[in-house]
Amino acid sequence: MSEENSHLDALQDIRRMMQRSTRFISLSGLSGIAAGVCALVGAWFAYDWIHEYYVGYGQAGYTNAAFDRLKFSLLILAAVVLATSLVSAFYFTWRKADKDKLPLWDHTARNLALNMAIPLVTGGLFILAMLQYDEWKFVAPACLIFYGLALVNGSKYTLSEIRYLGLLEIALGLLNTQFIGYGLYFWAVGFGVLHIIYGFAMWWKYERNPAAANVR
Amino acid sequence: MAVNNPISGLNKIFDNRIRLGVMSILMVNDEISFNDLKALLEVTDGNLATHLVTLETEGFLKVHKGFIGRKTNTTYAITKGGQKAFTDHVTALEKMIKGMK
């Protein structure tokens, strides 16, 4: 009986080591929730400002100054949202790694970062090129699609469920191509709502009760 | 090769938890550094080094000594022989569990 147990233990050890050495498992669900909340708050501000701009547009007509001001404030907003979501996502993941006594930056984190960076950097450059030609219609769908591709590509190097999040982002991006001009709503859903749902599901599955999750 | 029980096919070399861990990690990573192994297995330098020497002597792993700047960076990879020994061992483990049930 004890011999059988020791064999089972050995097999479980093997499985755990294989998983732990190839996947970055410290990614916290709370990181997803935090990033999602940042995105939603950002979208709310953006909506408000754009609305205000159109009210002014209706009263005073088009002025270069008003449009430039809107463009500038949206750009700053985007940068702030990106920074806060990265910092908060990083914080919760760092906290989880620390609690599990796992290194935050090891070869699994490197693999994940590299494999996500390939589609992300490609997408970023592609979007910049579109803006270069004043082609703004596909900016929002392209963000969602390339981000989704990055998640699908990264899913081999972290919690595999992130693949589904990636597929949903891609689907949302493709759907957005048929509703040009509603990019902000699609962004709010893709970067806000989906992140929160995914983050909550992952937290529920892996972190709510640490003892139950044998994939440490 | 040290097979202690010819019927089960279990490999005595893999009785040790750390050696088994090293082999599991090498099965799924093309190559891995000493420091990454140390962190994953939560062992001391000396302890890990001893087990790595044992596995190298058995011909289960290849050692590659390189440099990152001036710091030495030793990486390890599994050999064909190591892969076979490990797969046989796992198959034996699985058989024994099934047989006992």
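**Figure 1. A salt bridge inside helix H1 of chain A.** In this predicted model, A:Asp13 and A:Arg16 join their side chains in a salt bridge, with 3.6 Å from N to O. The two residues are 3 apart in helix H1 (residues 2-22) of chain A, so about one helical turn separates them. How exposed is A:Arg16? With a relative accessible area of 25%, A:Arg16 is partly exposed.

**Figure 2. A:Asp13 also reaches across to chain B.** Here the partner of A:Asp13 is B:Arg17, and the closest N and O atoms of this salt bridge are 3.4 Å apart. Which elements of chain B give two or more residues to the side that touches chain A? They are helix H1 (17-28), helix H2 (34-41) and helix H4 (80-100) of chain B. On that side of chain B, the residues divide into 15 nonpolar, 3 polar and 5 charged.

**Figure 3. The meeting of the two chains as a whole.** Stepping back a little, we find 23 residues of chain B in contact with 18 residues of chain A. About 1800 Å² is buried between the chains, and carbon and sulfur atoms give 71% of that area. Between chain B and chain A there are 3 salt bridges. The count of residue pairs in polar contact between them, with both residues at pLDDT 80 or more, is 5.

**Figure 4. A salt bridge within chain B, and a network that spans both chains.** B:Asp45 and B:Lys38 meet through their side chains in a salt bridge of 2.8 Å, N to O. B:Asp45 is partly exposed, at a relative accessible area of 40%, and B:Lys38 is partly exposed as well, at 27%. Elsewhere, salt bridges with shared partners link A:Asp13, A:Arg16 and B:Arg17 into one network. Over all chains, the structure holds 8 salt bridges.

**Figure 5. A:Lys137 and A:Glu135 pair up in chain A.** These two residues form a salt bridge whose closest N and O atoms are 4.0 Å apart. Are the partners buried or partly exposed? A:Lys137 counts as partly exposed at 39% relative accessibility, and A:Glu135 counts as partly exposed at 27%.

**Figure 6. A:Asn115, a buried residue in helix H4 of chain A.** Helix H4 covers residues 107-132, and A:Asn115 has its place there. Its relative accessible area is 14%, so A:Asn115 is buried. What does the side chain of A:Asn115 reach at 2.7 Å? The answer is the backbone oxygen of A:Asn111. Leaving aside neighbours within four places in sequence, A:Asn115 is in contact with A:Asn153 and A:Tyr157.

**Figure 7. A:Ser85, a buried residue in helix H3 of chain A.** You will find A:Ser85 in the helix that runs over residues 64-99. A:Ser85 is buried because its relative accessible area, 12%, is under 20%. A polar atom of its side chain lies 3.2 Å from the backbone oxygen of A:Leu82. With neighbours within four places in sequence set aside, A:Ser85 touches A:Ala35 and A:Cys38.

**Figure 8. Chain A, the setting for many of these views.** Chain A has 7 helices and 0 strands. Its C-alpha trace spans about 85 × 30 × 30 Å along the principal axes. Of its 216 residues, 40% count as buried. Among the contacts in chain A with a separation of 6 or more, 77% come from residues 24 or more positions apart. Chain A exposes about 12700 Å², and carbon and sulfur atoms supply 68% of this area.

How values were computed. Residues are numbered from 1 along each chain as its sequence is written. Chains are lettered from A and ligands numbered from 1 in the order in which they are written. This is a predicted model: local features need pLDDT of at least 70, side-chain atom pairs count only at pLDDT 80 or more; totals for chains, interfaces and linings use all residues. Side-chain values use heavy atoms; hydrogens and water are left out. Contact means heavy atoms within 4.5 Å. Buried area is the accessible area (1.4 Å probe) that two parts lose on being put together, summed over both. A polar contact is a pair of N or O atoms within 3.5 Å; within protein, one must be able to donate a hydrogen and the other to accept it, and residues adjacent in sequence count only if both atoms are side-chain atoms. Helices (H or I, at least four residues) and strands (E, at least two) are DSSP runs, numbered from the N terminus. Ala, Val, Leu, Ile, Met, Phe, Trp, Tyr, Cys and Pro count as nonpolar, Asp, Glu, Lys and Arg as charged, and the others, Gly among them, as polar. Buried means under 20% relative accessible area, exposed over 50%, partly exposed in between (1.4 Å probe, protein chains only). Accessible areas come from the Shrake-Rupley method with a 1.4 Å probe; for residues, only the protein chains shown count as cover.
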